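Let's take a friendly walk through the enclosed spaces of this protein. Have the model open and ready to rotate as you read.

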Amino acid sequence: KNLWTKRSGGERPWLVTARDEHEQTRFVVDRILELHEEGTPLREIAVLFRAGYMSADLEIELANRKIPFEKWGGLKFLEAAHVKDVIAFLRVIDNPRDEVSWYRLLMLMPGIGDTTARALMASMAERAWDPDALTHWAAPPRAREAHRALSQLLRRLRGLARADAPAPEHNVTTEIDLIRQLYDGLLRDKYDRPEPRLADLDQLRAIAAGFSSRSTFLATIALEPPQSTQDLAEGTSDEEDDALVLSTAHSAKGKEWDVTFVIWAVDGWFPMARATESDGELEEERRLMYVAMTRARNHLAVTYPVNVNSTRRGADYSMDQLSRFLDGGVRERMQRVVVQAPADDARPEPADSGTPTVDLLALLRGRFGAGGRSDPAP
């Protein structure tokens, strides 16, 4: 084949260094808003990643900023049943009158079916949803063990939520850890393929660490992306279904967009850690990275966070390395961008190819704000 093109010049792809996942998310969202204001429809922008769980933090921020999106290659993170299960535990602590969440978590417990769950909820309603109503309920024999375990867990969670609880203990990540002491066993019994689901819960915990309180966290994830939004410039598109695309690299094959972001370009994420042990699997990962980076018609940004807070990798904190697929030859053809934190305390970017870097977030901060996690949109 004799390949040729009439196009010449154009901006080089960006290689974007972020301090951590939250900073990577802020960069992507702020850049999407800037491009949309300049006239790019959301449907012509895609964010690509190796596996579905890698977009979890981004999905929550898009909902918080009221940016509509659709996801290809898996459920939206907050629509996964196991994520909803854990959130139900948090909701009944935050609001003991949340009947939907009570029913969901009661139906998880062995020996408790629809009739028993409704009888228990009726008993709690008669006691004005007193936190001790569950403890004093007389469970049928088949449900006694589950009733005892659930009662003990909820008492411990309420203890952490007391106003006089020690500050280090009073946070949503500690509550999720306690919930998982009970829930992880239930998950393994209830769902197939438990390991990816447990990894999702690790991701949920990591995301929750970015919020100042349980109420703030629950308020943020309760938001649903609307069809139109105050954050977006009006009149950019006449299409009613204009929505950003989030997609795995697999699901993006054969597609193109004007603007493409490839996130999590980190060894152990893209390529995935398990693929590095086999030459054949590693080459497949390389082909997927090639697919992801060639989906852009006009603009490409590849991002990687330096620091990761997650138990999914075997530790609560780790320093990550840029994907091995972005070697020196590739980096020479890219423009380096360093995202500075709102407090301007990001680590400096190490010297690489001598190409200039751009502090993009400093340019965007005045127009869109940082989209901070401690102050969710009303």
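**Inside the cavities**

Strand S6 gives the largest share of the lining of the largest cavity, four residues. Keep in mind as you look that this is a predicted model. The cavity itself holds about 90 Å³ of space, and 13 residues line it. To find its centre, look for Trp 14, Arg 31, His 299, Leu 300 and Ala 301, the lining residues that lie nearest to that point. Besides strand S6 (296-305), helix H1 (21-37) and strand S5 (257-262) are the elements that give two or more residues to this lining. What is the chemical character of the wall, by class? Seven of its residues are nonpolar, three are polar and three are charged.

How many cavities of 30 Å³ or more does a search of the whole structure find? There are two, so let's move on to the other one.

The second largest cavity has about 50 Å³ of space. Here helix H1 supplies the largest share of the lining, with four residues. Along with H1, helix H2 (56-64) gives two or more residues to this wall. To trace the lining in your viewer, select Glu 21, Gln 24, Thr 25 and Val 28, then add Met 54, Asp 57 and Leu 58, and finish with Ile 263 and Trp 264. Sorted by class, these residues comprise five nonpolar, two polar and two charged.

Helix H1 is a good landmark for joining the two views: it gives two or more residues to the lining of the largest cavity, and it also provides four residues to the lining of the second largest.

How values were computed
Residues numbered from 1 in each chain as written. Predicted model: local features only at pLDDT ≥ 70, side-chain atom pairs only at ≥ 80, totals over all residues. Heavy atoms only, no water. 1 Å grid on protein atoms, 1.4 Å probe; cavity = no way out; pocket = protein on both sides within 12 Å on 5 of 7 lines; lining within 4 Å. Points joined across faces, edges and corners; volume = space filled by probe spheres on them. Nonpolar A, V, L, I, M, F, W, Y, C, P; charged D, E, K, R; others polar.
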